[in-house]
Amino acid sequence: RIHGKSIGDIVLKECADLITYKLQLDDEAVRWERDCFLILLPKLSVTEAVTFAEELRKEVEEAEFVYGDYKIRVTMSCGVSELKFDNSSDDNIGLAM
């Protein structure tokens with residue numbers, strides 16, 4: 001069901017709040033493109049980052065976003081990659097998608 005841009009923006013903001021709540025001091029999260037987030041977890045191994053991503057995915061899936069009379073549930077997909085210093089930023093991000 002499509003609810004419109006304003007509701008979508010609210011859901012993205014609340015997803016950003018969920019992400020921010022899970023971050024540690026050295027972690028960074030930014031909105032990337034229209035409906036994507038880029039999360040940098042410099043102190044985690046790839047295995048730990050996969051666990052982080054799966055826990056976040058489940059939290060978003062279980063969350064209920066409320067907008068007026070609407071109760072909205074969404075899903076999230078996650079990709080994880082390890083930074084390769086010889087790659088461009090776009091290549092590194094592409095590895096996670």
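**Group meeting: a buried aspartate, some salt bridges and two lone cysteines**

Okay, let's start with aspartate 27, which sits in the loop between H1 and strand S1, residues 28–32. Keep in mind that this is a predicted model.

So which side chain of opposite charge is nearest to aspartate 27? That would be lysine 43, and it's 8.1 Å away. Aspartate 27 is buried, yet it has no salt bridge. What its side chain does reach is the backbone nitrogen of glutamine 24, at 2.8 Å. As for neighbours, if you leave out residues up to four places away in sequence, aspartate 27 touches Leu40, Leu41 and Pro42.

Leu40 brings us to the strands, since S2 covers residues 36–40. S1 and S2 run antiparallel, and five bridges join them. If you want one pair to click on, take arginine 31, whose bridge partner in S2 is phenylalanine 37. The two strands make a hairpin with three residues between them. Have a look at glutamate 33 in that turn, by the way: its phi is positive, about 60°.

Right, salt bridges. How many are there? The count comes to seven, and I'll walk you through a few of them.

My first pick is lysine 22 with glutamate 59, where the side chains meet at 3.3 Å, N to O. This pair ties together distant parts of the chain, with lysine 22 in helix H1, residues 5–22, and glutamate 59 in helix H2, residues 46–62. They're 37 residues apart. Is lysine 22 buried or exposed? Buried, because its relative accessibility is 18%, and the cut-off is under 20%. Glutamate 59, on the other hand, comes out as partly exposed at 30%. There's also a network here: salt bridges link Lys22, Glu55 and Glu59.

Next up is glutamate 61 with arginine 57, at 2.9 Å, N to O. This one stays within helix H2: the two residues are four apart, so about one helical turn separates them. Glutamate 61 is partly exposed, with 37% relative accessibility.

And then arginine 73 with glutamate 64, whose side chains meet in a salt bridge at 3.7 Å, N to O. Glutamate 64 counts as partly exposed too, at 42% relative accessible area.

On to the cysteines. How many disulfides does the structure hold? Zero. And why do cysteine 15 and cysteine 78 not form one? Because the sulfur of cysteine 15 is 10 Å from the one in cysteine 78, its closest cysteine sulfur, and that's too far for a bond. For comparison, the cut-off is 2.5 Å between the sulfur atoms. It reads the same from the other end, since the closest cysteine sulfur to cysteine 78 is the one in cysteine 15. Their surroundings are worth a glance as well: cysteine 15 is buried at 5% relative accessibility, while cysteine 78 is partly exposed at 40%.

Last stop, methionine 97. You'll find it in the segment after helix H3, which is residues 89–96. Methionine 97 counts as exposed, with a relative accessibility of 67%. Its C-alpha is 5.1 Å from the C-alpha of glycine 79, although the two residues are 18 apart along the chain.

If you keep one thing from today, make it aspartate 27: buried, and with no salt bridge. That's me done, over to you.

Definitions and conventions. Residues are numbered from 1 along each chain as its sequence is written. This is a predicted model: local features need pLDDT of at least 70, side-chain atom pairs count only at pLDDT 80 or more; totals for chains, interfaces and linings use all residues. Side-chain values use heavy atoms; hydrogens and water are left out. A salt bridge is a side-chain nitrogen of Lys or Arg within 4 Å of a carboxyl oxygen of Asp or Glu. Buried means under 20% relative accessible area, exposed over 50%, partly exposed in between (1.4 Å probe, protein chains only). Lys and Arg count as positive and Asp and Glu as negative; His and the chain ends are not counted. A polar contact is a pair of N or O atoms within 3.5 Å; within protein, one must be able to donate a hydrogen and the other to accept it, and residues adjacent in sequence count only if both atoms are side-chain atoms. Contact means heavy atoms within 4.5 Å. Two strands pair if DSSP finds at least two bridges between them.
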